[in-house]
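Here is a short tour of one protein chain, meant to be read with the structure open beside it. Take a moment to look it over, and then we can walk through how its parts pack together.

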Amino acid sequence: MEESMNREPQHLAYHETLEIHELVAFQSIGLMKLKKAIVDVQDERLRALYQRTIGDLEKNLQELLQFYGMAPRAEAANPLELGTGFYAGDLLALAKTSVRNYAIAITETATPMVRETLTNHLQKAIQCHADVFNFMYENGMYPAYNLERLLENDMNIANMAINMNY
């Protein structure tokens, strides 16, 4: 038994694979948005912050993508559909972040009327997330039940974000 505890794992655990997926998907979309927006940033200091953030995100993605070879796999993936998928993924990330932020904010409320307002907003954010997820899932943009395809999509989007000119 002790011998098995000292061995290096042959693949990532499912839960850590999914966390890496979330990080790669979110950062890839963010990187694309930054690269599209930097052309409009006139302030030199802000532009430098954008450039540093772009470099940091590119490095983060390159480092995280190294773990994809260790992810549990079963079958080959289909090519990724971009365009609509990018915008839908961006909306999904916003909805997911909104759910998290509202849930945290609710735990900090002391005023009942504020709590009720934030709870109503949270419900709308949850519904938005469900609607966008269903749209993506039904259109083959989010293969939530196929881990290998999900990770393949991540790698395609991350590589596109890294290689995108700005």
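## H2 and H6 side by side

H2 and H6 are roughly parallel to each other, because an angle under 35 degrees counts as roughly parallel and their axes cross at roughly 30°. Those axes come within 9 Å, and H2 passes H6 in a left-handed crossing. Please keep in mind throughout that this is a predicted model.

Which residues form this meeting of helices? On the H2 side they are Tyr14, Thr17, Leu18, His21, Val24, Ala25, Ser28, Leu31, Met32 and Lys35. Their partners in H6 are Leu147, Leu150, Leu151, Asp154, Ile157, Ala158, Met160, Ala161, Ile162 and Asn163. Helix H2 covers residues 14-37, while helix H6 covers residues 147-163, so you can trace both lists directly on the model.

## The chain as a whole

Stepping back, the protein chain has six helices and zero strands. Followed along the sequence, the pattern reads α-α-α-α-α-α. Of the 166 residues, 32% are buried.

Contacts that span long stretches of sequence are well represented here: counting pairs at least 6 apart in sequence, 75% of the contacts join residues at least 24 apart. The chain exposes about 11000 Å², and carbon and sulfur atoms supply 55% of that area.

## Lys35, a buried lysine

Is Lys35 buried or exposed? With a relative accessibility of 3%, Lys35 counts as buried, since the cut-off for buried is under 20%. Lys35 sits in helix H2, and a polar atom of the Lys35 side chain lies 2.7 Å from the backbone oxygen of Ala161.

Which residues surround Lys35, once its neighbours within four places in sequence are left aside? Lys35 is in contact with Ile54, Glu58, Ala161, Ile162, Asn163, Met164, Asn165 and Tyr166. Ala161 therefore appears twice in this picture, as a contact of Lys35 and as the residue whose backbone oxygen faces the polar side-chain atom.

## Other residues along H2 and H6

Gln27 also lies in helix H2. At 12% relative accessibility, Gln27 counts as buried. Setting aside residues up to four places away in sequence, Gln27 touches Leu57, Asn60, Leu61 and Leu64.

On the other helix, Met155 belongs to H6 and counts as buried at 18% relative accessibility. Met155 and Val24 are 131 residues apart in sequence, yet their C-alpha atoms are 8.0 Å apart in space.

## Just past H2

The loop between H2 and helix H3 (44-65) is where you will find Val39. Unlike the residues discussed above, Val39 has 58% relative accessibility and counts as exposed. From C-alpha to C-alpha, Val39 and Tyr166 are 7.3 Å apart, although 127 residues separate them in sequence. Tyr166 is also among the contacts of Lys35.

## H2 against H4

H2 has a further helix partner to look at in H4: the axes of H2 and H4 come within 10 Å and cross at roughly 115°. This crossing is left-handed.

From H2, the residues involved are Glu22, Phe26, Ile29, Met32, Lys33 and Lys36. They meet Phe86, Tyr87, Gly89, Asp90, Ala93, Lys96 and Thr97 in H4. Met32 is worth a second glance, as it is listed in the meeting with H4 and also in the one with H6.

## H4 and H5

Helix H4 (residues 84-106) and helix H5 (residues 112-138) pack with their axes 8 Å apart, at an angle of about 155°. That makes H4 roughly antiparallel to H5, because angles over 145 degrees are counted that way. The crossing of H4 and H5 is left-handed.

Phe133 gives a close-up of this part of the model. Phe133 is located in helix H5 and, at 18% relative accessibility, counts as buried. Leaving out residues up to four places away in sequence, Phe133 touches Leu92, Tyr142 and Ala144. Leu92 and Phe133 are 41 residues apart in sequence, with a C-alpha to C-alpha distance of 6.6 Å.

Definitions and conventions: Residues numbered from 1 in each chain as written. Predicted model: local features only at pLDDT ≥ 70, side-chain atom pairs only at ≥ 80, totals over all residues. Heavy atoms only, no water. Helix = DSSP H or I, 4+ residues; strand = E, 2+ residues; numbered from the N terminus. Buried < 20%, exposed > 50% of the residue type's maximum accessible area, 1.4 Å probe, protein only. Polar contact = N/O pair within 3.5 Å; in protein donor to acceptor, adjacent residues only side chain to side chain. Contact = heavy atoms within 4.5 Å. Areas by Shrake-Rupley, 256 points an atom, 1.4 Å probe, with all protein chains shown as cover. Axes fitted to C-alpha atoms, helices over the stretch in contact; angles between N-to-C directions. Parallel < 35°, antiparallel > 145°, perpendicular 65-115°, else oblique. Left-handed = near helix turned anticlockwise from the far one by under 90°.
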